[in-house]
Amino acid sequence: MALHLPKPRTTKPAQQAVGLDGLKVSVANAATSGVEKSKQVKSGGLAGLTSKVSVKQLRQELGNEGLRQAAIDAGRIPPSARTLRRWAQQGRIPHADVLERAQRRAAIERLGGVDAVAAKIGRSRSAVSRYRSGETNELRADASKKLKTVKAQDIMKRAGVLRPDGTPKRAVIRVKGGVMVRNGADEGYDYRVRTLDFANSDTPFSNDESRELAAALANDDHARVVALLERHATLDYPENKGFDKYSDQFGFHFDHIDSVHIDWI
């Protein structure tokens, strides 16, 4: 009888992420793209947890004039009403620079406008206006971090992840994907496709873990999402327990992710 041994893995994951404890780890591109694709499934519990909204929603929030202004900010000719209708019908803006400025403009409007955002992040009105228009690509480090936080809170609230008092709901997670376990050797071993039901772990996702997971989803930081899932699987999932540390050399890792489903309870 032929032996079906697990296939050795020799290629290293490609993306860097910061986990829950501030530990920097590498995660696979195929895992992060699987998280991103799972956001498109309306019944998966991830819908709405993204900083990027559809072109149709952008048009509803900004109106034609707001989209035209985004095009002007990008140095382009203001689109006609016919062009704007086509963008909405096709669900795409063909110019990445216009799309980026439209997303920024809409996000700031959702947070109450330029003045409200300036107050929340401790920056001047002109600084926020320059960021909105793309004249400034990034805010200062402290202001950028504050904006990221308030945007995530708003997205989490709109997605129904937060309770009325602002505390996060707990994430109950199922993940399907190709997995491997590293024990410090140069090569990991592929255990093929498995479905992990984190509701059955010895220690379910805590409120803090759930909050960090939701914030990472809201910020489209899919590498951090994978890092959080891998850390929990390493330390708390029954079949994988036994590792005393989680890093690129030790613990449970996703080779790829096929689907993520989350119930927020």
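# Salt bridges and pockets: worked exercises

R224 and E212 form a salt bridge, with their closest N and O atoms 2.7 Å apart. The two residues tie together distant parts of the chain, since they sit twelve residues apart, R224 in helix α9 (residues 222-236) and E212 in helix α8 (residues 207-218). Keep in mind that this is a predicted model. Let's work through a few exercises.

**Exercise 1.** Work out how R224 and E212 each rank for exposure: buried, partly exposed or exposed.

*Solution.* Start with the cut-offs: buried is under 20% relative accessible area, exposed is over 50%, and partly exposed is in between. R224 has a relative accessible area of 14%, so call R224 buried. E212 comes in at 27%, so E212 goes down as partly exposed.

**Exercise 2.** Take the pair E65 and R68, and find out where the partners sit along the chain and how exposed each one is.

*Solution.* First, the contact: the two side chains meet in a salt bridge, N to O, at 2.7 Å. Next, the position: E65 and R68 both belong to helix α2 (residues 55-73), and because they are three residues apart there, about one helical turn separates them. Last, the exposure. E65 has a relative accessible area of 56%, which makes E65 exposed. R68, at 17%, is buried.

**Exercise 3.** Do the same for D154 and R158, and say which partner is buried and which is exposed.

*Solution.* The side chains of D154 and R158 form a salt bridge of 2.9 Å, N to O. Both residues lie in helix α7 (residues 141-158), four residues apart, so the gap between them is about one helical turn. Now for accessibility: D154 is buried at 16%, while R158 is exposed at 55%.

**Exercise 4.** Put these pairs in context: how many salt bridges does the whole structure hold, and which residues does a network link?

*Solution.* Begin with the idea behind the search: side chains of opposite charge can pair when their charged atoms come close. Searching the whole structure turns up 14 salt bridges. As for the network, K52, E100 and R104 are linked by salt bridges. Hang on to K52, as we'll meet that residue again below.

**Exercise 5.** Describe the largest pocket by its volume, its lining and the helices that contribute.

*Solution.* Volume comes first: the largest pocket has about 570 Å³. Its lining is made of 20 residues, and those nearest the centre are G48, T50, K52, V53 and S54. Helices α2 and α7 are the elements giving two or more residues to this lining, with α7 providing the largest share, three residues. Sort the lining by class and you get nine charged, seven polar and four nonpolar residues.

**Exercise 6.** Where does the second largest pocket lie relative to the domains, and what lines it?

*Solution.* The second largest pocket holds about 390 Å³ of space. It is lined by 17 residues, and S51, K52, E100, Y131 and K151 are the closest to its centre. Step two is to see who contributes: α4 (96-110) and α7 each supply at least two lining residues, and α4 gives the most, with five. By class, the lining splits into seven charged, six nonpolar and four polar residues. Finally, the location. Domain 1 (49-149) and domain 2 (166-264) both give residues to this lining, so the second largest pocket lies between the two domains.

**Exercise 7.** Which members of the K52, E100 and R104 network are among the residues closest to the centre of the second largest pocket?

*Solution.* Recall the network, K52, E100 and R104. Then check the residues closest to the centre of the second largest pocket, which include K52 and E100. K52 is also among the residues nearest the centre of the largest pocket.

Definitions and conventions
Residues numbered from 1 in each chain as written. Predicted model: local features only at pLDDT ≥ 70, side-chain atom pairs only at ≥ 80, totals over all residues. Heavy atoms only, no water. Salt bridge = Lys/Arg side-chain N within 4 Å of Asp/Glu carboxyl O. Buried < 20%, exposed > 50% of the residue type's maximum accessible area, 1.4 Å probe, protein only. 1 Å grid on protein atoms, 1.4 Å probe; cavity = no way out; pocket = protein on both sides within 12 Å on 5 of 7 lines; lining within 4 Å. Points joined across faces, edges and corners; volume = space filled by probe spheres on them. Nonpolar A, V, L, I, M, F, W, Y, C, P; charged D, E, K, R; others polar. Domains from an automatic or database assignment.
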